[in-house]
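Biologist: I have not met this structure before. Could you take me through it in questions and answers?

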Amino acid sequence: MGVSTGKFKAFKQMNGTMKRILILITLLVSTNLSFAQTQIIHRDAAIEQMVKEISAENLEKYVRDLAGFRTRHSLSKNSPNEGIVASQKYVLDLFKSFEPQAQGRLSAFIDTFTVPADGRRIPQDAEMGNVMATLKGTDPNDDRIFIISAHIDSRALDVMNTEIDAPGANDDGSGVAAIIELTRIISKRSFPATILFVVVSGEEQGLKGAAYLAEKAKNENWNLVAMLNNDMIGNSNSSETNINDNTRVRIFSEGVPAAETERMAAIRRYTNGENDSKSRQLARYMKEVGERYVDQLEVKLLYRNDRFLRGGDHTPFAQQGFTAVRVCEMNENYYHQHENVRFENGIQYGDLPEFVDYEYMRKVTGINLASLASLASAPSEPTNVGIDVRRLSNTSTLRWEAPEKGKAKGYYVLMRETDASMWQKKFYTEETSLTIPYSKDNYFFAVQAVGGGGHESMAVFPQPITR
């Protein structure tokens, strides 16, 4: 549709405020949303400030310190200045240095466990440990737990070589550095729910530390809402293709849950919900919230649990039925991953600190912080979320009940077309049901709770209401 010359002149003569109002009205009309349905996206000043506090210089120092232990192989020998035990003590000491600022809410320790020989990567029984820092939630009635993790162990080309240099600057010194920096910043604040900052060991020997922790969480009935695994978040330059890109990061999430029951499978097939698992909802949440607070970083949603035929520390949690995702750099450099430190044919091999992009790390750490802080501040998800299918209709009615933890001020009904990866529209209501003029044949829906501070819970995919 064309714009007449007279209307264009009138628009040019408007002041800035009037122009913005006219543009907003035009957008609302074009997207078929009313003012009542549209909400200004909430930006928490406290979260904005925390993201600004992330220091690329701090991240670089942590990475260089970790690489300075020469090797952090899970089976390396005990030494005051080298090996896995010394590096774990380094992280523990940093965690403990943050305890005073948390006013008694932060406690750090090393959770040790024995890994039996497996005939593969554990030749004999071995003692390992996960370095843990627990930031206790302030609401005594809120037992929710959020885990953010990375693995401290490193390796060279031969995964069984415990003596060779294995600096592990990016894999996964970058993830560990992010966990340290997040603990430093987040522990100054308080949240209703509990946050666990975890640095696991044994990843390269078969995800041993993560498997131990996931099994412990399952056996002790933790109300573990989400697990964010950060593994290799510091490389922005790819081998072979020579791509330089520090503006994108991947989040991997499973579609069909690893722990899916027969009933869950039946409902998934009935609703075509294979792209709406809880892990997919967490990945979408991190994209929306992360990009809200961090500039110049696009979150790419990868529709697989991990890289092709590979795995990470989130996998044992998914296998135990928990919601878990992997955060990982967009482009990997195989000259600097699982390689011996050497110079050969004009190429420097090895996972060395000089190949880490610390500004990129800062941004990736930021999306983790924003997502984690927002989740821990929000109420839990709405319960008994359903979509009414008792009659054929070109409208869609969704119903739900209040969250079990925290208090919801209102709710968003989310909507996207069936071929879209992200939610495209949000409809706000303070009721526990909403009818919208969109056919359930053509769209997918979900519901999330919104707390008094404007923080959103994760979205819940609705189940059919048949009677």
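Biologist: Among contacts in the protein with a separation of 6 or more, what percentage comes from residues 24 or more positions apart?

Modeller: The model is predicted, so to speak of local features a pLDDT of at least 70 is needed, side-chain atom pairs count only at pLDDT 80 or more, and totals for chains, interfaces and linings use all residues. Residues are numbered from 1 along each chain as its sequence is written, and side-chain values use heavy atoms, with hydrogens and water left out. A contact means heavy atoms within 4.5 Å. Of the contacts with a separation of 6 or more, the share from residues 24 or more positions apart is 74%.

Biologist: What is the radius of gyration of the protein?

Modeller: The radius is taken over C-alpha atoms, and the globule rule is 2.2 Å times the number of residues to the power 0.38. For 467 residues that rule gives 23 Å, and the protein comes close to it, so it is as compact as a globular protein of that length. Its radius of gyration is 24 Å.

Biologist: What percentage of the residues is buried?

Modeller: Buried means under 20% relative accessible area, exposed means over 50%, and partly exposed lies in between (1.4 Å probe, protein chains only). Among the 467 residues of the protein, the buried share is 55%.

Biologist: In which order do the 8 strands of the open sheet lie?

Modeller: Strands (E, at least two residues) and helices (H or I, at least four) are DSSP runs numbered from the N terminus, and two strands pair if DSSP finds at least two bridges between them. The pairing in this sheet is mixed. Strand 1 (106–115) and strand 7 (298–302) are the edges, each pairing on one side only. The order is 1-2-4-3-5-8-6-7.

Biologist: How many bridges join strand 3 to strand 4?

Modeller: Strand 3 covers residues 144–151 and strand 4 covers residues 194–200, and the two run parallel. Within this pair, Ala150 stands opposite Val199. The number of bridges is 7.

Biologist: Which residue meets Lys89 in a salt bridge?

Modeller: A salt bridge is a side-chain nitrogen of Lys or Arg within 4 Å of a carboxyl oxygen of Asp or Glu. The partner of Lys89 is 4 residues away in helix 5 (residues 83–97), so about one helical turn separates the two. At 39% relative accessibility, this partner counts as partly exposed. With 2.8 Å from N to O, the residue is Asp93.
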